[in-house]
Amino acid sequence: MALSQLRRRPLVGLFLFFSLMPLLALSVLALAISSDAVTRRADQSLSLSASLGARYVGEQIRGLQEIVNSFAHQPAFVAALADGDPARYDHRTIGAALTQLGSVRPGIASVQLLTADGTMSDAFPPGVPTAGKAEVPVRNWFAAVTSSKTSFVSPVYPSAAYGNPLVTAIAAPVTEVGGDGTTGPLLGVLGVEYAVINVEQFVRQFATAQGVLVTVVDQAGMLVAEPENGKGASVQRLLTGGRLGTSGLMAETSESELIAWAPVDRVGWTVAAEIPLAGAFAEIDRLRITIIAFAVPLALVLLGAAWLLNLTLGHWERAEAEVRRLAAVDSLTGLFNRRSWDEHLARELARARRERRPLSVVMIDLDHFKQFNDEHGHPAGDRLLAEAAAGWRAAIRATDVLARYGGEEFTLALPNCSPADAVALVDRLRAVMPMGQSCSAGVACWNGKESGDSLVARADQALYQAKTQGRNRVVVADDLAAAA
């Protein structure tokens, strides 16, 4: 009896070993493979959020930087600073130009014009001190521009403007640009103080859309924007530990957070995205429970098949989305193409009809574009189109639709916008034209009945009249009808 029991026990042990060990090994292997995949996916998703956040912040700041660069070549600034005697400056004209610059984007706290020796010349709003030498932070970004002879985005600091908001300065050298594109000697510096609370607002909107917490730190390690929970200081300490201006990913065990960061190109800031470790790896815990509760080969095979299918479908969806995006966007300017314009215009007309609100359409054409191509070459013409599109995109509202209609022609749909407001907006677009070029525009306001083709045709006729009248101007189709 004892012998039979001895023989039975090894058989039972062998059975248990050869039946349970493969199941256990398969469960552990499946858990390890799935855990690694989830970890990579969480890491890649968070790194992508940081990169997209850095790109998003960079587009906002560089868009304002391009506007300041274009204003730095204003004839009023160049003429006054070249004269060298503040007593003879045309302060009224300078003040009007500064006021215009201060209104191109919400959130501009002040605009300041400094002479070549660092003396304050003029400022907007009028409450900003203009007598004598500038404040220390202003002198710092003035020195950075004068030493590099290029535009500069400063670290954040409290402004001397009304209310002492925390700002970053976007400054550019004031120089005279010759007809051949060469610049003269430095005459002064034009600076815009942009309230960083606006950066924090659009960063938080981005963070909500991405489902992460976002912190922004400037090149000096100062906190620019932090999450609504107010816990940006820990990320700030992490980034200032030799990580500013770099990309990376790490788990902060003391805060139980997974953090990725990326630099803001050509600005010097750094954007960090973070999620709780528990949230990042919650899927692994659920998978472990599933394997323990249903540790059978079939369940593991089905789980692996579902994971592979989800991964494959994800690749297909991203590829399809990219194809749709490329089909809707002009490759040179990044604006909507003609096909997308027709679709957006139809939607805006339907909305205007439904909500009984005005809709203005603008046709814009770059003046003497063929002559510009002949003189400077087609690559320069392409660059002019791209830079004009970038400047206009930064100057319009988020609800406006800007598209490349064809060649050097652009179209702009302005929902809930009267002809007078449309003319004011187009004047801002004309003011940011790059390379010293100009453009003409025709404006037509929807009459409540006409089709999109008819509305565009009226705007195109107004554009033709603007060209006929000498270019570099805006003509309203309703004004043409009244004159007729």
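**Exercise 1. A residue in the interior**

Work out whether Ile-67 counts as buried or exposed, and what its relative accessibility is.

Solution. Ile-67 has a relative accessibility of 1%, and because of this value it counts as buried, where buried means under 20% relative accessible area, exposed over 50% and partly exposed in between, computed with a 1.4 Å probe on protein chains only. Before going further, note that this is a predicted model, in which local features need pLDDT of at least 70 and side-chain atom pairs count only at pLDDT 80 or more, while totals for chains, interfaces and linings use all residues. Residues are numbered from 1 along each chain as its sequence is written, and side-chain values use heavy atoms, with hydrogens and water left out.

The next step is to place the residue: Ile-67 lies in helix H1, where helices (H or I, at least four residues) and strands (E, at least two) are DSSP runs numbered from the N terminus. Leaving aside neighbours within four places in sequence, Ile-67 is in contact with Leu-101, Val-104, Ala-394 and Val-432, contact meaning heavy atoms within 4.5 Å. One of these partners, Ala-394, is 327 residues from Ile-67 in sequence, although the two C-alpha atoms are 8.3 Å apart in space.

**Exercise 2. A second residue of the helix**

Find which residues Leu-64 is in contact with, once its neighbours within four places in sequence are left aside.

Solution. Leu-64 is also found in helix H1, and with a relative accessible area of 0% it is buried. Its contacts, counted in this way, are Arg-105, Ile-108, Ile-170, Val-192 and Tyr-194. For a comparison of sequence with space, take Gly-391, which is 327 residues from Leu-64 in sequence and 8.6 Å from it, C-alpha to C-alpha.

The whole chain can now be brought in: 62% of the contacts with a separation of 6 or more are between residues 24 or more positions apart, and buried residues make up 42% of the 484 residues.

**Exercise 3. Salt bridges**

Explain how Arg-55 and Glu-59 are placed along helix H1, and how many residues apart they are.

Solution. The side chains of Arg-55 and Glu-59 meet in a salt bridge, with 3.5 Å from N to O; the term stands for a side-chain nitrogen of Lys or Arg within 4 Å of a carboxyl oxygen of Asp or Glu. The two residues are 4 residues apart in helix H1 (residues 2–71), and therefore about one helical turn separates them. In general, an α-helix has 3.6 residues a turn, so residues three or four places apart point the same way. Arg-55 is exposed at 53% relative accessibility, whereas Glu-59 is partly exposed at 45%.

Now consider another pair, Asp-400 and Arg-397, whose closest N and O atoms are 2.6 Å apart in a salt bridge. Here Asp-400 is buried at 8% relative accessibility, while Arg-397 is partly exposed at 33%. Elsewhere, salt bridges that share partners join Asp-365, Asp-367 and Lys-467 into one network. The structure holds 14 salt bridges.

**Exercise 4. A helix and the strands around it**

Determine which strands the buried residues of H4 pack against.

Solution. Helix H4 (residues 136–148) has 13 residues and reaches 18 Å from its first C-alpha to its last, close to the expected 18 Å, a span obtained as 1.5 Å times one less than the number of residues. Its buried residues include Trp-141, Phe-142 and Val-145. The buried residues of H4 pack against strands S1 (108–115), S3 (152–153), S4 (157–158), S5 (166–174) and S6 (188–195). After H4 comes Lys-149, whose phi is positive, near 60 degrees.

**Exercise 5. Two crossing helices**

State at roughly what angle the axes of helix H10 and helix H14 cross.

Solution. The axes of H10 (residues 338–355) and H14 (residues 452–468) come within 10 Å and cross at roughly 105 degrees; axes are lines fitted to C-alpha atoms, for helices over the stretch in contact, and angles run from 0 to 180 degrees between N-to-C directions. H10 is therefore roughly perpendicular to H14, since angles of 65 to 115 degrees count as roughly perpendicular, under 35 as roughly parallel, over 145 as roughly antiparallel and the rest as oblique. Trp-341, Leu-345 and Leu-349 of H10 make the contact with Gly-452, Leu-455 and Val-456 of H14. By class, these residues divide into 5 nonpolar, 1 polar and no charged, where Ala, Val, Leu, Ile, Met, Phe, Trp, Tyr, Cys and Pro count as nonpolar, Asp, Glu, Lys and Arg as charged, and the others, Gly among them, as polar.
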